[in-house]
Amino acid sequence: MQKREQGKSGGSAGGGATPPAKRGRPFGSGNNSSSAAASAADSAAPSTLLGPSLHVHNSFADQNNKRIVLALQSGLKNELTWALNTLTLLSFKEKDDMRKDATPLAKIPGLLDALLQVIDDWRDIALPKEFAKTTRIRTLGANSVVSGFGSEYQALGSTGWCSLCSVGSGSAGIESTQQNGMAKSRFSELWLDEDSLFNLDDEGRAEKQQCAVAASNIIRNFSFMPDNEVIMAQHRHCLETAFQCIEDHLVEDEELVTNALETIVNLAPLLDLRIFSSSKPSFIKITEKRAVQAIMGMLESAVKAWHCAAAELLGRLIINPDNEPFLLPFFPQIHKRLIDLISMPALDAQAAAIGALYNLAEVNMDCRLKIANERWAIDRLLKVIKMPHPVPEVCRKSAMILESLVSEPQNRSLLLAYENAFAEIVFTDGRYSDTFARILYELTSRPSNKVAAARGIWGM
């Protein structure tokens with residue numbers, strides 16, 4: 001049995017192949033970008049580009065990094081909007097953009113914490129409606145504007161209290177307003193206008209939510225940059241915020257949840273769940289068990305993008321042996337759900353489930369036994385190969401999973417029932433004939449398996 005440390009590409013002939021790019025990562029942003037592609041992109045004329053393209057000067061982030069951080073921390077609507085728009089442009093990388101001197105934005109002091117604070121500010125007020133304060137029924141003094149029972153704000157409206165500040169001016173204020181010939185905002189309402197603080201009504205909540213979604217999108221873009229991976233994977237506040245967002249996927253904004261989930265998926269190869277019990281300062285108190293439960297909630301979700309990303313996330317997390325103790329208690333649920341995803345007609349769901357099972361089958365003997373004993377597991381793995389799946393790598397991994405299962409003597413009696421199907425693939429499909437020939441050899445030619453061999457060949 002191959003070690004996980006030797007790489008998951010050991011079953012194929014091209015063992016030295018470069019690792020695949022991250023989910024959604026544009027071409028050229030990985031480590032395997034070639035100089036030929038770079039020269040081709042550099043030589044491309046602007047007239048050949050499709051659609052509009054916005055170029056930002058490379059030194060913009062260096063010259064304005066402090067201003068961006070201060071704008072995020074200010075809480076002012078116009079400053080916050082400017083900073084989010086600027087970071088969205090700086091963090092976005094077009095497909096043919098070969099910038100080698102792009103600033104690793106996560107290394108700007110305080111920037112990642114400032115973005116996370118924008119999300120935390122929204123999370124602090126984004127309570128479900130059932131937890132909101134209910135309006136008290138006024139039975140005493142219902143006909144008076146102000147009763148003294150704490151309902152003046154509701155009685156006067158969202159801005160009615162501001163008129164009390166100008167009561168002393170009497171009719172002089174009204175006459176001055178009429179003389180100017182325009183409806184000027186009152187001085188006491190200046191802090192509520194569009195260039196200042198956010199309102200406390202539903203409109204202000206919606207604006208806060210939009211800012212949080214924009215900040216999560218910027219953090220997601222950061223996770224695609226190789227220079228930011230290590231910093232973000234070791235940033236406890238970043239991971240806690242992302243896991244809390246996917247934990248509350250039933251009540252949280254869908255785009256915010258999707259951005260948080262994709263951020264975790266991109267950081268998964270470097271993610272160690274033990275960070276939630278480390279000595280690093282904690283802001284949300286997420287534990288390892290809560291983090292895995294949040295992933296399981298996404299895996300069980302009916303949203304295709306969520307359960308596909310969760311399956312891919314589990315497959316990447318299990319590669320790190322330090323994450324095994326936290327994932328092992330959930331293996332029965334994981335196996336069952338992944339087998340269910342293989343039966344779905346969505347091809348990307350099948351690919352994500354098989355990719356996760358491919359890594360899970362290499363963990364230990366118990367995992368291989370549970371996968372083999374899962375109902376319909378072998379049938380659905382064979383179905384992916386016989387269809388076949390349009391991505392050859394998915395079919396190859398399905399065959400490798402079956403080869404891992406047959407390595408356990410307890411599984412051979414289950415796999416022996418599919419001997420005819422294995423033999424058919426050996427003689428009809430040259431791409432996977434070697435793998436299934438090894439499977440047949442394991443089933444019938446082992447010295448300790450003479451009885452099973454006779455039963456399989458002669459029907460005893």
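In which loop does K285 lie? Select K285 and you will find yourself in the loop between α11 and α12. Keep in mind as you look around that this is a predicted model.

**Stop 1: the whole chain**

Before zooming in, colour the chain by secondary structure. You should see 23 helices and zero strands. The chain has 460 residues, and 42% of them count as buried. If you display contacts with a separation of 6 or more, 72% of them come from residues 24 or more positions apart.

**Stop 2: the loop between α11 and α12**

Now go back to K285. Its phi is near 65°, a positive value in a residue other than glycine. That is worth a pause because most residues other than glycine have a negative phi. Is K285 buried or exposed? With a relative accessibility of 58%, K285 counts as exposed.

Stay in this loop, which runs between α11 (254–267) and α12 (288–299), and select F276. F276 is buried, with a relative accessible area of 4%. Next, add T287 to the selection and draw a distance between the two C-alpha atoms: F276 and T287 are eleven residues apart along the chain, yet 5.4 Å separates these atoms.

Which residues does F276 touch, leaving out those up to four places away in sequence? Show these as sticks:

- R236, L239, E240 and F243 are among them.
- I286, T287, E288 and A291 are also touched by F276.

**Stop 3: α4 against α10**

R236 and F243 from the last list lead you to helix α10, residues 236–247. Select helix α4 as well, residues 111–125. The two helices pack at an angle of about 30°, and their axes are 10 Å apart. With angles under 35 degrees counting as roughly parallel, α4 and α10 are therefore roughly parallel to each other. The crossing of α4 past α10 is left-handed.

To see the contact itself, show L112, D113, L116, I119, D120 and R123 on the α4 side. Their partners in α10 are H237, C238, T241, Q244 and C245. Coloured by class, the residues of this contact divide into five nonpolar, three polar and three charged.

**Stop 4: into the nonpolar core**

The largest nonpolar core has 109 residues. Those touching the most other members are L72, L115, F243, L338, L402 and F436, so select these six.

Then centre on L115. Not counting residues up to four places away in sequence, L115 touches L72, L84, L87, A215, I218, I219 and F222.

**Stop 5: α15 and its two neighbours**

L338, one of the core residues just selected, also takes you to the contact of α15 with α16. Select α15 (residues 331–342) and α16 (residues 347–360); their axes come within 8 Å and cross at roughly 145°. This crossing is left-handed. On the α15 side, show F331, I334, H335, L338, I339, L341 and I342. On the α16 side, add A349, Q350, A353, I354, A356, L357 and L360. The class colours give twelve nonpolar, two polar and no charged residues here.

Keep α15 in view and bring in α13. These two pack at an angle of about 130° with their axes 11 Å apart, which makes α13 oblique to α15. The crossing of α13 and α15 is left-handed. From α13 the contact takes H307, A311 and L314, and from α15 it takes I334, R337, L338 and L341. The residues of this contact divide into five nonpolar, one polar and one charged.

Zoom in on H307, which is found in helix α13, residues 304–317. Is H307 buried or exposed? H307 is buried, with a relative accessible area of 3%. Apart from residues up to four places away in sequence, H307 touches M298, L299, S301, A302, R337, L341, M344 and A349.

**Stop 6: two backbone details**

Select W376, in the loop between α17 (365–373) and α18. W376 is not a glycine, but its phi is positive, at about 70°. At 43% relative accessibility, W376 counts as partly exposed.

Finish at P388, in the loop between α18 (377–386) and α19 (392–406). The peptide bond from M387 to P388 is cis, with omega near -10°. Most peptide bonds are trans.

Notes
Residues numbered from 1 in each chain as written. Predicted model: local features only at pLDDT ≥ 70, side-chain atom pairs only at ≥ 80, totals over all residues. Heavy atoms only, no water. Axes fitted to C-alpha atoms, helices over the stretch in contact; angles between N-to-C directions. Helix = DSSP H or I, 4+ residues; strand = E, 2+ residues; numbered from the N terminus. Parallel < 35°, antiparallel > 145°, perpendicular 65-115°, else oblique. Left-handed = near helix turned anticlockwise from the far one by under 90°. Contact = heavy atoms within 4.5 Å. Nonpolar A, V, L, I, M, F, W, Y, C, P; charged D, E, K, R; others polar. Core = buried A, V, L, I, M, F, W, Y, C linked by side-chain atoms within 4.5 Å. Buried < 20%, exposed > 50% of the residue type's maximum accessible area, 1.4 Å probe, protein only.
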